[in-house]
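Visitor: I have not looked at this structure before. Could you take me through some of its features, one at a time?

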Amino acid sequence: VTSATRGRTGSGPSSDVAPTPAAGVGRALARPARGGGGRRAGSVRTGLEVALFVGPALVLFAVFVVWPVVRAVQFSFYRWKGFGPLVDFVGLQNYVSVLGNDVFRDAFGHNVFIVVLSIVVQLPLGLAIALLLNRKMRGQGSLRTIIFVPYVLSEVIAGVVWLQLLQPRYGVVDSLLGAVGLSGPEQGWLGTPDLALWALLGVLTWKYLGLAVLLFLAGLQGVPDELVEAAQLDGASWWQVQRRITVPLLGPTIRTWAFLSMIGSIQQFDMVWILTGGGPANATTTMATFLVTEGTKRYNYGIATAASVILFVVALVAAITYQLLVLRRDVGEADAGARRGVV
Amino acid sequence: MTRTRVARALALGASLAVLAACGTGSASTDGDTDGGDASTITWWHNSNTDPGKAYYDEVAQQFEDDNPGVTVEVSAMQHEDMLTKLDAAFQGGDVPDVYMERGGGELADHVEAGLTKDLTELAADEIETLGGSVAGWQVDGATYALPFSVGVVGFWYNTALFEQAGITETPTTVEELLSTADTLKQAGIEPISVGAGDKWPAAHYWYYLALRQCPQEVLEDAVQTLDFSDECFLRAGQDLETIVDAQPFNQGFLATAAQTGPTSASGLLATGKVAMEMQGHWEPGVMQGLTEDGTGLGDDLAWFPFPAVDGGEGDQTAALGGGDAWAVSQDAPDAAVDFVKYLLSDEVQQGFAERDMGLPTNPAASGSVKDPALAGLLEVRDDAPYVQLYFDTAFGQSVGGAMNDEIALLFAGSTTPEAIVEKTQQAADAEG
């Protein structure tokens, strides 16, 4: 029974997905043909080249991105343990139970918390550090490196290091506090439900501040010296120059960084998984940890895929909304025509 | 235009070929599970360190010598790796011929999906020898796997720290346990470590209290029907609340891991930071891996069973435990069944016990366990009127996971005994 079902589901979508490259070829062929009528042989050759170069990429995309997404949506309509045939069709029930689940709703709240506070904390901090590091001073290069090191570190390694640092009583943080006569929280930073999310946010800030600083520094290189000089000639103070010229010109960089930060926060998994596993008392679960727990720990693959589809939709809606409301100005300034083509 | 079509056909063909290749990968569910050869057996086990690894290679070799023409392909894996690979194997349908089953709801799911062979008739003699131990691996009266190691959970403690606090007798009731904890605290020693961060070590407390509060019939009934309406489950939660309120646990226990690293619950016991920990029979081995000299607590380690609950309606000497069993996949060759029988023979089980690889289930091997702490544990297991399989395993990960979650919340003081029963029942009802 198993092999028959799999065989059938396996062959079905292939006919849906496969034509995509072919259709792409057709469109690509049409374009040069319209321009020069007498160069048919050349256009076919171009078409073949396009098929040859684009085909494999499209096939890979179809097999490793489109196909899994289609399968995930399919799984989300079944009660399924991860093995055996897909037979127990439950319709939208998995979605109902995910959306009705307190833990998932809390997880969504935690994601929003991380999204908002990551930006609120890292934006001013990153901007301040970038502006400082942009001034000519001794040790500028090594300071930049130090700020950027945490970002280069693997998230898992950073997580394990902080897990040890934040251990109650025997961890470095509590030992240092103890040395100056203070004491950490009774249950530890990661073990106290009210503090765990803040501790997580602290570690995430430490980890990702470097990226913000790096991007802002890169953006600062694009601020023309002439403008700064002109302002200085007009008698503007350093502070005024930053406020009136540098920061506004940094706008596009900041908006792009905020977008990256937001998407990263919505999908946050690694750091939570290592530091707290979603605990204590579900105080730090995110949508991603929820779906992994339901799937690989409890074998409720139907529920897990329903949660993953919801996570996908949330990320998609957030991304599109942000594109439309915020990024549109940047893209619009750069190339209004191209944007119409994209959006 | 002809060439355009050729181009299209090429692209289409290429994509179809890739998809077809993927298709066959997952579609080969039944054909070649025996490796295309009826005399080759694939065997996955988790004894990936010596002496276990060498011993199992020896056992496989012996079986090959005794059965000419049969080849045993042995894969020794680290435990977590093996579980991940097994999950993938079940999903792909390409299950090894002989593999480990933990029993309970997980096994029931595999049986329902037609992945595991019914051994009731094929290994009738061995099943009789093993007696009550096989209960955890039976589904609707049929036996699907033969347990080779079954252990029980109890308190591991540091005799040196007990002595330092002036404690001479191990507690026999929960009240005594709490007063022992108080004595330790007064001596400046943290009494008990618990890896509530991983949830299941915390859940074991509730399981044991349910064992003390609920008569065996009620528990058997609950495993069968997933009905938790009996009052005794509520009382187990109330008893647990009493224990948590007395604060006998290590600082930061809510975020403490079970057995990874020196700051885990096992690590704290192994390094003399706490006096006791409630854990399974594998604890000495885990602790050896967590100390620099590789000895754990050495001679300072001892064991006592979970204490009795005054007025509990359950059996006060029943034990909570679980173990590992050899199962045969549905499409495995006949030789695989013979191999599993051989693994449970007096000879192999004695060798298994002599190397302290676990707690043998074949009574003929009971005398071969050398480690005194393990031998004492074996005695408790064999004297217990019954050994209840860990609830999360027995009920399956879905119900068990919801149960463990809520119990861990009780440790955090953010839920009630009523809610544990309620959430468990909800998850059970969702199973349908």
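Visitor: In which helix is A:Phe61 found?

Guide: This is a predicted model. A:Phe61 lies in helix α3 of chain A, which covers residues 40-75.

Visitor: Is A:Phe61 buried, partly exposed or exposed?

Guide: The class follows from relative accessible area: under 20% is buried, over 50% is exposed, and anything in between is partly exposed. A:Phe61 has 46% relative accessibility, so A:Phe61 counts as partly exposed.

Visitor: Which residues make a nonpolar surface patch with A:Phe61?

Guide: The other members are A:Leu60, A:Phe64, A:Val65, A:Val66, A:Val69, A:Val70 and A:Val73. With A:Phe61 they make a nonpolar patch of about 660 Å² on the surface.

Visitor: Now for charge. Which residues gather in a patch of negative charge on the surface?

Guide: In a patch of this kind, like charges are joined within 9 Å. Here the patch consists of B:Glu217, B:Glu220, B:Asp221, B:Asp227, B:Asp230, B:Glu231 and B:Asp429.

Visitor: Which helix gives the most to the negative patch?

Guide: That is helix α9 of chain B, residues 216-225, with three residues. Another member of the patch, B:Glu231, is in helix α10 of chain B, which spans residues 231-245. B:Glu231 counts as exposed because its relative accessibility is 51%, and the cut-off for exposed is over 50%.

Visitor: How many disulfides are there over all chains?

Guide: A disulfide is a pair of cysteine sulfur atoms within 2.5 Å. By that rule there is one over all chains. The pair is B:Cys214 and B:Cys232, with sulfur atoms 2.0 Å apart. This disulfide joins distant parts of the chain, 18 residues apart: B:Cys214 is in the loop between α8 (200-213) and α9 of chain B, and B:Cys232 is in helix α10 of chain B.

Visitor: What is the handedness of the link of B:Cys214 and B:Cys232?

Guide: The link is right-handed, with 100 degrees about the S-S bond.

Visitor: Are B:Cys214 and B:Cys232 buried or exposed?

Guide: B:Cys214 has 0% relative accessibility and therefore counts as buried. B:Cys232 is buried as well, its relative accessible area being 0%.

Visitor: Where is B:Ala332 found?

Guide: B:Ala332 is in the loop of chain B between β11 (319-328) and α13 (334-343). B:Ala332 counts as buried because its relative accessibility is 6%.

Visitor: How far apart are B:Ala332 and B:Thr42, in sequence and in space?

Guide: Separation along the chain and separation in space are two readings. B:Ala332 and B:Thr42 are 290 residues apart in sequence, and 8.8 Å apart from C-alpha to C-alpha.

Technical notes: Residues are numbered from 1 along each chain as its sequence is written. Chains are lettered from A and ligands numbered from 1 in the order in which they are written. This is a predicted model: local features need pLDDT of at least 70, side-chain atom pairs count only at pLDDT 80 or more; totals for chains, interfaces and linings use all residues. Side-chain values use heavy atoms; hydrogens and water are left out. Patches are made of residues with over 30% relative accessible area and no salt bridge: like charges are joined within 9 Å, nonpolar side chains (Val, Leu, Ile, Met, Phe, Trp, Tyr) within 5 Å. Accessible areas come from the Shrake-Rupley method with a 1.4 Å probe; for residues, only the protein chains shown count as cover. A salt bridge is a side-chain nitrogen of Lys or Arg within 4 Å of a carboxyl oxygen of Asp or Glu. Lys and Arg count as positive and Asp and Glu as negative; His and the chain ends are not counted. The place of a charge is taken as NZ of Lys, CZ of Arg, CG of Asp or CD of Glu. Helices (H or I, at least four residues) and strands (E, at least two) are DSSP runs, numbered from the N terminus. Buried means under 20% relative accessible area, exposed over 50%, partly exposed in between (1.4 Å probe, protein chains only).
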